[in-house]
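This report concerns the strand arrangement and the aromatic contacts of one protein model. The sequence and the coordinates are shown first.

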Amino acid sequence: MSSATPQGGPGSSVPGPDLNRADLRPGWRSRTTEPPVVAVVGMGYVGSCIAGTLADRGLSVLGIDTDVDLVDRINRGSTPLAEPGLADLIAAEVGAGRLRATTAGHACADADVVLLTVATPVRQDGSLADEHLRTACAALCATLRTGQLVILKSTVPPGTTRDVVRPLLEASGLRAGADFALAYAPERLAEGTALHDLRTLPVVVGGIDPRSTRLAADFLHSALGAATLPQESLEAAEIVKLADNWWIDLNIALANELAMFCDLYGVDVLDVIRAANAIPKGDGHVNILRPSVGVGGSCLTKDPWMVWQSARRHGLRITTAPVGREVNQRMPGYTARLILDELAVRGVPPAEATVAVLGLAFKNNTGDLRATPTEPVVAALRATGVRVRVHDPLVDPASAHQTFGLPVTTTVEEAVRDAHCVALLAMHHQFEDLDFARLPVAESCLILDGRAYLSKEKIAMLERLGYTYRGIGR
């Protein structure tokens with residue numbers, strides 16, 4: 001157990017960064033009390049959210065990315081990312097001069113803190129595709145300076161910071177822990193609430209040595225105003241992030257199989273989950289999550305495989321990670337089959353059926369199409385001859401067209417016209433006030449609830465209007 005004491009508290013408010021440059025760089029030539037200069041390497045989803053938040057907290061932030069178009073958009077105060085509040089934040093901080101972006105890797109030279117937030121996908125076998133990480137470290141090595149603090153935030157298998165990042169940086173001739181501080185602090189934010197999460201969720205941090213841990217924890221607490229949870233090693237901090245997503249994916253898999261089990265008996269799975277979760281257990285309660293059309297995004301679909309592959313390299317056979325993945329990967333096919341079976345009951349063969357899919361993103365209230373489970377649902381339906389129309393007000397239409405092979409309809413009404421089924425596969429706020437009585441659907445239209453979790457009162461209203469309702473386990 002770590003002897004370090006968590007600092008601050010969730011939701012604690014810090015008026016501004018109180019850690020100055022001299023605290024981070026012993027012998028800083030002017031002993032200035034200016035806040036640290038931060039370089040964020042990798043301005044994708046996580047990097048952009050962190051960069052904007054740190055700038056908003058008063059730090060001078062430089063975003064570094066190889067994407068010329070992305071860098072140009074950021075410097076014009078814009079972002080292609082649909083995270084709530086991020087566009088306004090980027091515009092405000094660029095306008096205030098606290099945030100700028102560049103493609104020049106050598107720009108890290110004068111930064112006091114370097115945050116590595118590059119993409120870390122996995123290969124087919126579950127191993128880390130570390131090309132982006134190695135490229136970023138090689139570029140940083142060329143400008144690494146004594147006294148800098150380097151924090152890796154990308155999700156990686158345990159041992160990566162020590163065995164990959166450290167030697168790549170030490171090729172500079174500087175030593176981690178002696179000449180520069182090295183730490184790992186995973187980002188655990190959720191899409192849709194990322195900016196709030198950055199300021200409130202406890203920050204896990206582990207360093208190459210106790211001083212690196214302390215410096216990283218002090219910086220992150222001061223810069224974000226959130227509690228820190230120091231760990232005894234780099235590996236412990238790396239495993240925390242994997243444990244979070246391993247648990248979430250496996251828990252959703254349990255919910256999905258429970259839903260299929262409940263369906264055998266005509267039982268509403270949400271009633272079962274609500275009652276089951278009332279039992280105290282450990283430090284909290286039983287906490288079964290909710291079933292859905294499937295799991296998507298850039299984390300839950302790869303992190304369990306990262307666990308499995310890391311264990312396999314050391315001769316340990318992990319079974320829960322691949323089982324959770326197998327269950328959740330089956331859900332799009334299960335959802336498509338629910339639709340087809342219900343249409344068959346109504347005497348509508350696939351070749352004559354029209355299905356309107358509302359919500360294409362991998363979760364509610366985001367426009368993120370990465371690994372969205374909606375895509376295999378649409379593909380399975382189209383493979384049987386079903387005519388599918390798609391609509392989502394939050395996604396980029398061009399990206400959606402590329403992903404689904406279908407144009408995105410401009411309006412809900414256009415999507416659902418004469419549809420035999422309306423599949424709510426991502427329940428964005430924009431869909432909450434749909435007037436089902438006025439939708440131009442076919443007679444006896446099916447409402448397929450993939451993750452809307454409609455209330456019993458709403459379901460009863462739909463049935464009074466002549467709709468048939470089916471959900472995942474409902």
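The text below treats the open sheet, then its pairings and helices, and then the aromatic rings.

**The sheet**

The model is predicted. Within it, 8 strands make up an open sheet of mixed pairing, ordered β3-β2-β1-β4-β5-β6-β7-β8. The edge positions are taken by β3 (99-102) and β8 (228-230); each has a single partner strand, so one side of each is left without a neighbour in the sheet. From one strand to the next, the twist averages 25 degrees.

Strand pairing of this kind rests on backbone hydrogen bonds, in either a parallel or an antiparallel sense. Three of the parallel pairings are listed here, each with one pair of facing residues.

| Strands | Sense | Bridges | Facing residues |
|---|---|---|---|
| β1 and β2 | parallel | 5 bridges | Ala-39 and Leu-62 |
| β2 and β3 | parallel | 4 bridges | Ile-64 and Thr-102 |
| β5 and β6 | parallel | 4 bridges | Leu-152 and Tyr-184 |

Strand β2 (residues 60-64) is mostly covered, with 4 of its 5 residues buried. This strand also belongs to a right-handed β-α-β unit, in which β1 and β2 are joined with helix α2 (residues 45-56).

A further helix, α5 (residues 131-141), packs on the sheet and touches β1 (37-41), β4 (113-116) and β5. The direction of α5 makes about 165 degrees with that of β4.

**Aromatic contacts**

The structure holds 3 aromatic pairs. One of them consists of Phe-261 and Tyr-265, whose centres are 5.5 Å apart and whose planes are at 70 degrees, an edge-to-face arrangement. Phe-261 has 47% relative accessibility and therefore counts as partly exposed, while Tyr-265, at 58%, counts as exposed.

Another pair is formed by Phe-436 and Tyr-467: the ring centres lie 5.8 Å apart and the planes stand at 85 degrees, so this pair is edge-to-face. The contact links distant parts of the chain, the two residues being 31 residues apart. Phe-436 lies in the loop between β13 (421-424) and β14 (446-449), and Tyr-467 in the loop between α16 (456-464) and β15 (468-471). Both Phe-436 and Tyr-467 are buried.

A charge also meets an aromatic ring in this model: the charged end of Arg-290 sits over the ring of Tyr-453, at 4.0 Å from the ring centre.

Definitions and conventions
Residues are numbered from 1 along each chain as its sequence is written. This is a predicted model: local features need pLDDT of at least 70, side-chain atom pairs count only at pLDDT 80 or more; totals for chains, interfaces and linings use all residues. Side-chain values use heavy atoms; hydrogens and water are left out. Rings of Phe, Tyr and Trp (its six-membered ring) pair if their centres lie within 6.5 Å; planes under 30 degrees apart count as stacked, over 60 as edge-to-face and the rest as tilted. Buried means under 20% relative accessible area, exposed over 50%, partly exposed in between (1.4 Å probe, protein chains only). A charge sits over a ring if NZ of Lys or CZ of Arg is within 6 Å of the ring centre and within 35 degrees of the ring normal. Two strands pair if DSSP finds at least two bridges between them. Axes are lines fitted to C-alpha atoms, for helices over the stretch in contact, and angles run from 0 to 180 degrees between N-to-C directions. Contact means heavy atoms within 4.5 Å. A crossover is right-handed if, with the strands pointing away from the viewer, the path from the first strand over the helix to the second runs clockwise.
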